[in-house]
Structure formats: structure tokens, C-alpha cells
Amino acid sequence: MQSELAAASRGRRKRALEMVIPLGLTVELQHAVAALLGDEDPFLRVSAIEALATVDGDLTRQVLRDALLSLPPREREVVT
């Protein structure tokens with residue numbers, strides 16, 4: 001799953017990210033999911049934020065805080 005989250009294909013990254021929460025893998029894959037916060041696709045960035053928001057931890061809180069501060073206003077509206 002980690003390799004799919006880092007795949008060159010946007011579709012593969014999207015499908016992998018869509019499976020992270022239902023499979024309960026967000027904690028195990030939080031670093032790979034966090035890497036998607038820098039993706040060029042705004043929908044993947046928002047989905048990554050939504051997935052990370054299901055994990056309670058210092059790392060995810062910091063990553064989410066940084067991501068929210070760096071998001072363009074439209075994307076910020078979607079996730080807040």
C-alpha cells in the first residue's frame with residue numbers, strides 16, 4: 001500500500017488513499033499519507049488531510065497544522 005501511495009500515477013495514489021481509512025491503515029501509513037500533502041493534485045491533498053485527521057498524535061497534529069496554514073484558501077475552506 002505504501003508503494004501505491006507513492007506511485008507516479010495519480011489514479012493509483014488516489015485509489016490507495018481511498019482505501020487507507022476503510023482498511024484501518026492510517027496510523028501505519030501516516031508518513032506516506034503525509035507525503036501526499038505536497039501532491040500537485042488538490043483533491044489528493046484534501047483527502048490526505050481527511051485521512052490524517054482520523055489519527056490522534058503529535059506527528060499528525062503538527063503535519064495537519066502546517067498543511068492547513070499552507071493550503072490555498074479554497075482548499076482550506078473544504079477541510080475546515
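1. Buried here means a relative accessible area under 20%. D39 has a relative accessible area of 8% and therefore counts as buried. This note concerns a predicted model, and the points below should be read with that in mind.

2. D39 is located in the loop that joins α3 and α4. Setting aside residues up to four places away in sequence, D39 touches R13, L44 and R45. The contact with R13 includes a polar one between the two side chains, at 2.8 Å. The D39 side chain also reaches the backbone nitrogen of D41, again at 2.8 Å.

3. D41 in turn serves as the cap at the N-terminal end of α4. One of the side-chain oxygens of D41 lies 2.7 Å from the backbone nitrogen of F43. The loop residue D39 is thus linked to D41, and D41 to the start of the helix.

4. Helix α4 covers residues 42-52. Its buried residues are L44, R45, V46, A48, I49, A51 and L52. Two of these, L44 and R45, are touched by D39, while A51 and L52 are in contact with T26.

5. In α2, which spans residues 10-20, the buried residues are R13, A16, L17 and V20. Viewed down the helix axis, they fall within an arc of 100 degrees, so they line one face of α2. Against which elements do the buried residues of α2 pack? Their partners are α1 (2-5), α3 and α4. R13 is also the residue whose side chain makes the polar contact with D39.

6. T26 belongs to the loop between α2 and α3, the latter comprising residues 30-35. Is T26 buried or exposed? Its relative accessible area is 5%, so T26 is buried. Neighbours within four places in sequence apart, T26 is in contact with V20, I21, A51, L52, T54 and V55. Of these, V20 is a buried residue of α2, and A51 and L52 are buried residues of α4.

7. The largest pocket has a volume of about 160 Å³. The elements contributing two or more residues to its lining are α2 and α4, and α4 gives the most, with five residues. The lining consists of R10, K14, L17, E18, I21, P22, F43, L44, S47, E50 and A51. By class, six of the lining residues are nonpolar, one is polar and four are charged. Several of the residues discussed above recur in this list, including L17, L44 and A51. L17 is buried in α2, and L44 and A51 are buried in α4. F43, whose backbone nitrogen is approached by D41, is also part of the lining.

8. R61 is a residue of helix α5, which runs over residues 58-70. With a relative accessibility of 38%, R61 counts as partly exposed. Its side chain makes polar contacts with two aspartate side chains: that of D56, at 2.4 Å, and that of D58, at 2.7 Å.

9. S9 lies in the loop between α1 and α2. Its relative accessible area of 31% places S9 in the partly exposed class. How far apart in space are S9 and D58, C-alpha to C-alpha? The separation is 30 Å, for two residues that are 49 residues apart in sequence. D58 is the residue whose side chain makes the polar contact of 2.7 Å with R61.

Terms used
Residues numbered from 1 in each chain as written. Predicted model: local features only at pLDDT ≥ 70, side-chain atom pairs only at ≥ 80, totals over all residues. Heavy atoms only, no water. Helix = DSSP H or I, 4+ residues; strand = E, 2+ residues; numbered from the N terminus. Buried < 20%, exposed > 50% of the residue type's maximum accessible area, 1.4 Å probe, protein only. Contact = heavy atoms within 4.5 Å. Polar contact = N/O pair within 3.5 Å; in protein donor to acceptor, adjacent residues only side chain to side chain. Arc of directions from axis to C-beta. 1 Å grid on protein atoms, 1.4 Å probe; cavity = no way out; pocket = protein on both sides within 12 Å on 5 of 7 lines; lining within 4 Å. Points joined across faces, edges and corners; volume = space filled by probe spheres on them. Nonpolar A, V, L, I, M, F, W, Y, C, P; charged D, E, K, R; others polar.
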